[in-house]
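Please look through the structure below with two topics in mind, namely its internal cavities and the pairing of its strands.

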Amino acid sequence: MTEIQALARPTSARRDTAVLVEGITKRFGKTQALAGVDLAISRGTICGVLGPNGAGKTTAVRILTTLLRPDGGRAEVDGYDVVAEAEQVRFRIGLAGQNAALDEKLTGRDNLRMFGRLYHLSYRTAAQRADELLARFDLIEAADRVVQTYSGGMRRRLDLAASLVIAPAVLFLDEPTTGLDPRSRNAVWASIRDLVADGTTVLLTTQYLDEADQLADHIAVIDTGRVIAAGTAAELKSQVGGDRIDLVARYAADLSLAAETLSRLTGSPARSRAEIRQVSAPTTQSGLLTTVVRELDRAGIEIEDIALRRPTLDDVFLHLTGHTAA
């Protein structure tokens with residue numbers, strides 16, 4: 001195991017950086033979970049970390065929240081080394097993991113009061129903080145109900161509230177909206193935006209590319225334990241190129257010829273997704289759509305849908321990794 005060296009107190013150049021990761025590695029047996037991750041997150045921003053299951057997102061969060069020791073590299077959170085100054089880090093962070101860390105037999109109010117007491121707040125201060133958070137996350141009406149009666153969205157909001165009992169400088173959210181319906185997801189998104197407006201820095205891991213697109217100021221794409229790309233959503237999308245032509249063939253047998261036709265007309269390689277009978281290719285020619293439709297008809301290819309659209313983060317992920325994030 002590589003020796004982990006403690007970092008000195010951050011220099012003035014690092015005062016605006018809430019999270020700094022340099023060459024972090026982690027192995028579980030023969031599996032290399034992290035293979036040298038580098039990341040810097042500015043204060044008061046949201047960093048979205050994208051990647052499929054097994055990419056290393058949760059391992060990185062567990063290291064940054066002092067739940068795991070890295071094998072190599074180093075990391076700071078709010079200016080403190082996550083290994084040498086772990087206790088200081090814990091007093092400055094909040095964590096909402098994939099599974100809500102709540103006592104199902106307690107009420108929502110009692111859960112928040114319990115977290116406050118665990119953080120050594122006085123009973124009065126813990127009760128006051130609980131009431132503030134219940135109001136903030138629109139849980140006042142359910143405050144005195146036991147958590148086992150809560151919906152999935154209510155549990156996620158309560159878990160998010162629990163992670164904020166001490167008003168952390170940095171909040172880690174590990175796939176916070178997994179399994180939620182669209183309305184509940186939007187409620188959680190609104191809560192996250194409010195937190196950042198108040199000065200909290202957020203690291204958000206997600207498999208939902210639209211979530212990162214909606215929330216993140218900066219995005220890091222992780223695959224096979226490495227950051228393979230980073231930037232704003234617009235910067236990442238620019239790597240794919242301009243507009244894209246997407247078509248859905250009526251018959252899977254026509255995919256190969258459709259891809260060949262689209263590649264010839266756009267002058268760019270076309271990608272096929274057999275499971276949804278879709279073919280896509282980038283184009284810089286705004287008037288090409290009519291020509292594509294005409295040529296496909298001449299080739300006897302029936303299409304169910306065709307459209308010209310801007311690239312999405314899904315296109316970025318497919319372009320970078322060769323597979324989708326889901």
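How many cavities of 30 Å³ or more does the structure hold? In this model, which is predicted rather than determined by experiment, there are two cavities that reach that volume, and about 110 Å³ of space lies in the largest of them.

The lining of this largest cavity is made up of 14 residues, and those lying nearest its centre are Val-21, Val-37, Leu-39, Ala-60 and Leu-64. Two or more lining residues come from each of strand E1 (17-28), strand E2 (31-42), helix H1 (57-64) and strand E8 (201-206), with H1 giving the largest share, five residues. When the lining of the largest cavity is sorted by class, twelve of its residues are nonpolar, while one is polar and one is charged.

Strand E8, which contributes to that lining, also belongs to an open sheet of six strands, whose order is E6-E7-E8-E3-E9-E10 and whose pairing is mixed. The edges of this sheet are formed by strand E6 (93-96) and strand E10 (226-231), each of which pairs on one side only. Neighbouring strands of the sheet are turned against each other by 15 degrees on average, if direction is ignored.

The pairing at the E10 edge can be followed down to single residues. In general, the strands of a sheet pair through backbone hydrogen bonds, in either a parallel or an antiparallel way. Here, strand E9 (residues 218-223) and E10 run antiparallel and are joined by five bridges, and Val-221 has Ala-229 in E10 as its bridge partner.

Conventions:
Residues numbered from 1 in each chain as written. Predicted model: local features only at pLDDT ≥ 70, side-chain atom pairs only at ≥ 80, totals over all residues. Heavy atoms only, no water. 1 Å grid on protein atoms, 1.4 Å probe; cavity = no way out; pocket = protein on both sides within 12 Å on 5 of 7 lines; lining within 4 Å. Points joined across faces, edges and corners; volume = space filled by probe spheres on them. Helix = DSSP H or I, 4+ residues; strand = E, 2+ residues; numbered from the N terminus. Nonpolar A, V, L, I, M, F, W, Y, C, P; charged D, E, K, R; others polar. Pairing = 2+ DSSP bridges. Axes fitted to C-alpha atoms, helices over the stretch in contact; angles between N-to-C directions.
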